[in-house]
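Colleague: I would like to understand the words used to describe a model like this one, and how each of them is justified. Could we look at it together?

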Amino acid sequence: MQNKKMIDMIKIDKYYGDFHVLKDIDFNVKQGEIVVVCGPSGSGKSTLIRCINGLEEIDSGDILVDGVNIWESKKNLQDIRAEVGMVFQHFNLFPHLTITENITIAQTLVKNASKEEAATTAIELLKKVKLEDKATAYPADLSGGQKQRVAIARSLAMKPKVLLFDEPTSALDPETIGDVLEVMKELARENYTIVCVTHEMGFAKEVGNRIVFMDHGTIVEENTPDEFFNNPKSPRAKQFLNEILSH
Ligand SMILES: Nc1ncnc2c1ncn2[C@@H]1O[C@H](COP(=O)(O)OP(=O)(O)O)[C@@H](O)[C@H]1O
Ligand SMILES: [Mg+2]
């Protein structure tokens, strides 16, 4: 991990209508850092990470990614969207495209890569997520866990500076979760900068540098995984941990 701030959110407020979803949030992530965001449903976790790549507008505050203020100009916003990879709970693959085409399409459209270049990258990435045998298959032929690994490969194809994961394993059959977590752990070891919303506490303990616990639109507590799990400070974090550990 380096000292450079890769993500810097400063005094962020966001409303959905009258509903104050993010309340004066300060949040930053260093280059190479793995941050796990957890907290009860509805606490604002998805909104927080969707703000990082400008998928959600904010009402006040500043968001800098690698030093660039994303809302300062249209160009900044476009650049950031190409540099911040996002993996969602539901994979959002194109059903009518093959696995390889799903991975190459953004490279050719957004990054102006040649077809050959994009195809070479796709083969490398399919190896990385252990799906090289699925290159010509369609999403419908894959299990949920395999689709999620394709979605990860698709994000990596853009050579992102930051990877955002929003509950990447929570819609998967239990038996396919492990392979997805393995790929994510590998990325964590490769020094990607990662923000991951997840309740997979094994993942958090193994590769997380920091846990951020949210509730009602605020960051209630942040700490190393060891401290957070063994010695949660706030009553809300204690209650949350009791609930997820009893499942
Ligand atoms: N587009 C939207 N319009 C209105 N309310 C929303 C919208 N998206 C989320 N919300 C509300 O904002 C709150 C936080 O949502 P979200 O960020 O998805 O939380 P989490 O990911 O922690 O479950 C929830 O109460 C949710 O219902
Ligand atoms: Mg969410």
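Modeller: Let us begin with a definition: two strands pair if DSSP finds at least two bridges between them. In this predicted model, four bridges join strand β3 (residues 34-38) to strand β8 (residues 193-197), and these strands run parallel. Set against the requirement of at least two bridges, the four bridges of β3 and β8 make them a pair. As one example of a bridge, Val36 has Cys196 in β8 as its partner.

Colleague: What makes β4 and β5 a pair?

Modeller: Strand β4 (residues 60-65) and β5 are joined in the antiparallel sense over two bridges, and the rule asks for at least two, so β4 and β5 count as paired. Here Leu64 stands opposite Asn69 in β5.

Colleague: How do you know that β1 and β2 pair, and in which sense do they run?

Modeller: Strand β1 (residues 5-16) and β2 have eight bridges and run in the antiparallel sense, and with at least two required, the eight bridges establish the pairing of β1 and β2. Lys14, for instance, has Leu22 in β2 as its bridge partner. The hairpin of β1 and β2 has two residues between the strands, and in this hairpin Gly17 takes a positive phi near 60°.

Colleague: Why are β2 and β5 said to stand at the edges?

Modeller: The strands in question belong to an open sheet of four, in the order β2-β1-β4-β5, with antiparallel pairing. Each of β2 and β5 (68-69) has a single partner strand, so one side of each is left without a neighbour in the sheet.

Colleague: What is the order of the six strands in the other open sheet, and which are its edge strands?

Modeller: The order is β6-β7-β8-β3-β9-β10, and the pairing is mixed. The edge strands are β6 (84-87) and β10 (218-223), each of which pairs on one side only. From one strand to the next, the twist averages 20°.

Colleague: Why are α3 and α4 called oblique to each other?

Modeller: Helix α3 (residues 99-110) and helix α4 (residues 115-128) pack at an angle of about 135°, with their axes 9 Å apart. Angles of 65 to 115 degrees count as roughly perpendicular and those over 145 as roughly antiparallel; about 135° belongs to neither class, and α3 and α4 are therefore oblique to each other. The crossing of α3 past α4 is right-handed. On the α3 side the contact is made by Thr100, Ile103, Thr104, Gln107 and Thr108, and on the α4 side by residues including Lys115, Ala118 and Leu125. By class, this contact has five nonpolar, five polar and one charged residue.

Colleague: Why are α4 and α5 described as oblique?

Modeller: The angle between α4 and helix α5 (residues 144-157) is about 135°, with their axes 9 Å apart. As an angle would have to be over 145 degrees to count as roughly antiparallel, the conclusion is that α4 and α5 are oblique to each other. Ala153, Leu156 and Ala157 are the residues that α5 brings to the contact, which has six nonpolar, one polar and one charged residues.

Colleague: Which element gives the most to the shell around ligand 1?

Modeller: That element is α1, with three residues. The residues surrounding ligand 1 include Tyr16, Phe19, Gly44 and Lys45, and the shell divides into three nonpolar, seven polar and one charged.

Notes: Residues numbered from 1 in each chain as written. Chains lettered and ligands numbered in written order. Predicted model: local features only at pLDDT ≥ 70, side-chain atom pairs only at ≥ 80, totals over all residues. Axes fitted to C-alpha atoms, helices over the stretch in contact; angles between N-to-C directions. Parallel < 35°, antiparallel > 145°, perpendicular 65-115°, else oblique. Left-handed = near helix turned anticlockwise from the far one by under 90°. Contact = placed C-beta atoms within 7 Å. Nonpolar A, V, L, I, M, F, W, Y, C, P; charged D, E, K, R; others polar. Near = placed C-beta within 6 Å.
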